[in-house]
Amino acid sequence: MNAPVPASRKSFDRARLHALMSREEQRFIAEHPKSAALYKRAQRSLLGGVPMNWMKKWAGKFPVFVAEAHGAQFTDVDGREYVDLCLGDTGAMTGHSPAPAAEAIARQSAKGITLMLPTEDALWVGEELAQRFGLPYWQFTLTATDANRFSIRIAREITGRPKILVFNYCYHGTVDETFVSLRGGVAGPRRGNIGPPVNPAETTRVIEFNDLGALDSALAHGDVACILAEPVMTNVGIVHPAPGYWVSAAQLARRHGTLLLFDETHTICAGPGGYSREHGLRPDMFVIGKPIASGLPAGTYGCSADIAEQITRRMKLEDCDTGGIGGTLAGNALSLAAMRATLEHVLTPAAFEHMISLAKRFTDGVAAAIAEAGVPWHVTRLGCRAEYLFRPGPPRSGGEAAAAADFELERFMHLYALNRGILLTPFHNMALMSPATAPADIDLHTRVFSEAVHELMSG
Ligand SMILES: Cc1ncc(COP(=O)(O)O)c(C=O)c1O
């Protein structure tokens, strides 16, 4: 007996996608007159009409302007309400303005915001980070980008090696060394890289994720100070490590004298101690930012006792403010008060249980809709983060995941959802759960997703 044609072979008509997109764009414009007016006015003072260039990437003809946000919801200036599954691309994974953090921020901001002197909150936070993430020594920044940049400097300084290694299609913030990708197996500036100081191939080795042979060969040059990696790639869809990958990769790093730096800014979604704690991995260095202070600017980086000892030995008191690691506002009293409240009261084990169960509800609903429609897509999850990709099975590398991207289709799915009260991230198809997200929010997304796919496939 012949096997039935797998439902996952069905594809859609591109002309139909364009027609649906044009209908959705008209609906969006008609329903957002106030955002449209603000965007028009913004052209006169903001470059590109937005406060930050990537805000142009939203699927509508202009970004929705926000009136206010609470928990997992926000309202725009036109009075429309949304379920927020973007959550500031993880900056608001805590939910918007969670009460303990908002109260701590209000309290501290009335008592001094920045002093260039420590407050006792710094100790509480340092002790909590050590206990949560398993590394003993910590420093603070305003962003995860800076935490990555400073960790890279430390790795270079103590190994005496010039390069770092990253995975193809990684994202670690606006760190020059990481804006690199492979084209035909050759490393070079990533598409869209604006004004690179040098060809990043000079500073960086880049390989595909999950390829131990490539890692061994790259490290064998003996010039790599550190591997900078998300333990699970989250910025090109979700790409999980193959079983045992990180244990072997960490052994290779040790053998070649390379440090392992985990950027857990997004993979904190795996659990209260991040992916490494959940899976018993022990990086030499650790970075996290975004939700660590409920969205108030804050980042932090930690290191092992051995690294701490080596860097302390090299730092001279006279030069410790001009060594390329700094930031006048870093470690400020307000960020630390917000970090303390977030770690103590918001990103708790109980909150993660709730968030992870909702992400399972999301992937169950989306997987059922994909199966029913028979589209060649799949959905995957990492803790409280879920993501659908336009390919039938999970990718093994950033290159494979990137090859499945379909910008037009992505924008259609996002705009269709936005027009029905759901915000997804403007980059790929990520949905994140916060402690304030409710089952009804997820069920709304499942219904809307299912309708979008149905409309796309019918006719
Ligand atoms: C894994 C990871 N690290 C670092 C960053 C940089 O964060 P920020 O832009 O807040 O510095 C990002 C931003 O998306 C990220 O995804």
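How many residues does helix α5 have, and what distance does α5 reach from its first C-alpha to its last? The legends below describe close-up views of a predicted model.

**View 1. Helix α5 and the residue that follows.** Helix α5 covers residues 144-159. It has 16 residues and reaches 22 Å from first C-alpha to last. That is close to the 22 Å expected at 1.5 Å a residue. Many of its residues are listed as buried, including Ala144, Asp146, Asn148, Phe150, Ile154 and Ile158. Thr145 and Ser151 of α5 are buried too. After α5 comes Gly160, with a positive phi near 70°.

**View 2. Thr425 in the loop between β15 and β16.** Thr425 sits between β15 (422-423) and β16 (430-432). Its relative accessibility is 1%, so Thr425 counts as buried. Two polar contacts involve its side chain. A polar atom of the Thr425 side chain lies 3.0 Å from the backbone oxygen of Phe427. The Thr425 side chain also reaches the backbone nitrogen of Met430, at 3.4 Å. Beyond neighbours within four places in sequence, Thr425 is in contact with Trp58, Cys86, Asp89, His414 and Met430.

**View 3. Asp78 in the loop between β2 and β3.** The flanking strands are β2 (73-76) and β3 (81-84). Is Asp78 buried or partly exposed? Asp78 counts as partly exposed because its relative accessibility is 21%, while buried means under 20%. The side chain of Asp78 reaches two backbone nitrogens: that of Lys34 at 2.7 Å and that of Ser35 at 3.1 Å. Residues up to four places away in sequence aside, Asp78 touches Glu31, His32, Pro33, Lys34 and Ser35. Ala67 is 11 residues from Asp78 along the chain, and their C-alpha atoms are 8.4 Å apart.

**View 4. The aromatic pair of Trp377 and Phe390.** The whole structure holds 21 aromatic pairs. One of them joins Trp377 and Phe390 in an edge-to-face arrangement, 4.8 Å centre to centre with 65° between the planes. Trp377 belongs to the loop between α11 (349-373) and β13 (378-382), and Phe390 to the loop between β14 (385-389) and α12 (398-403), so the pair ties together parts 13 residues apart in sequence. Both rings belong to buried residues: Trp377 has a relative accessible area of 6%, and Phe390 has a relative accessibility of 13%.

**View 5. Phe167 and its aromatic cluster.** Phe167, Phe209, Tyr245, Trp246 and Phe262 form one aromatic cluster. Leaving out neighbours within four places in sequence, Phe167 is in contact with Phe209, Tyr245 and Trp246, among others. Its contacts also include Val206, Ile207, Glu208, Ile227, Ala229 and Met233.

**View 6. Arg420 over the ring of Tyr416.** The charged end of Arg420 sits over the Tyr416 ring. The distance to the ring centre is 3.5 Å.

**View 7. Two nonpolar cores.** In soluble globular proteins, nonpolar side chains tend to be buried together. Here, the largest nonpolar core has 105 residues. Phe167, Trp246, Trp377, Met413 and Met433 have the most contacts inside this core. Helix α11 supplies its largest share, 11 residues. Apart from this core lies another, of 25 residues. Among its members are Phe150, Cys170, Ala308 and Ile311. Phe150 is also one of the buried residues of α5.

Terms used. Residues are numbered from 1 along each chain as its sequence is written. This is a predicted model: local features need pLDDT of at least 70, side-chain atom pairs count only at pLDDT 80 or more; totals for chains, interfaces and linings use all residues. Side-chain values use heavy atoms; hydrogens and water are left out. Helices (H or I, at least four residues) and strands (E, at least two) are DSSP runs, numbered from the N terminus. Buried means under 20% relative accessible area, exposed over 50%, partly exposed in between (1.4 Å probe, protein chains only). A polar contact is a pair of N or O atoms within 3.5 Å; within protein, one must be able to donate a hydrogen and the other to accept it, and residues adjacent in sequence count only if both atoms are side-chain atoms. Contact means heavy atoms within 4.5 Å. Rings of Phe, Tyr and Trp (its six-membered ring) pair if their centres lie within 6.5 Å; planes under 30 degrees apart count as stacked, over 60 as edge-to-face and the rest as tilted. A charge sits over a ring if NZ of Lys or CZ of Arg is within 6 Å of the ring centre and within 35 degrees of the ring normal. The expected span of a helix is 1.5 Å times one less than its number of residues. A nonpolar core is a set of buried Ala, Val, Leu, Ile, Met, Phe, Trp, Tyr and Cys residues joined through side-chain atoms within 4.5 Å.
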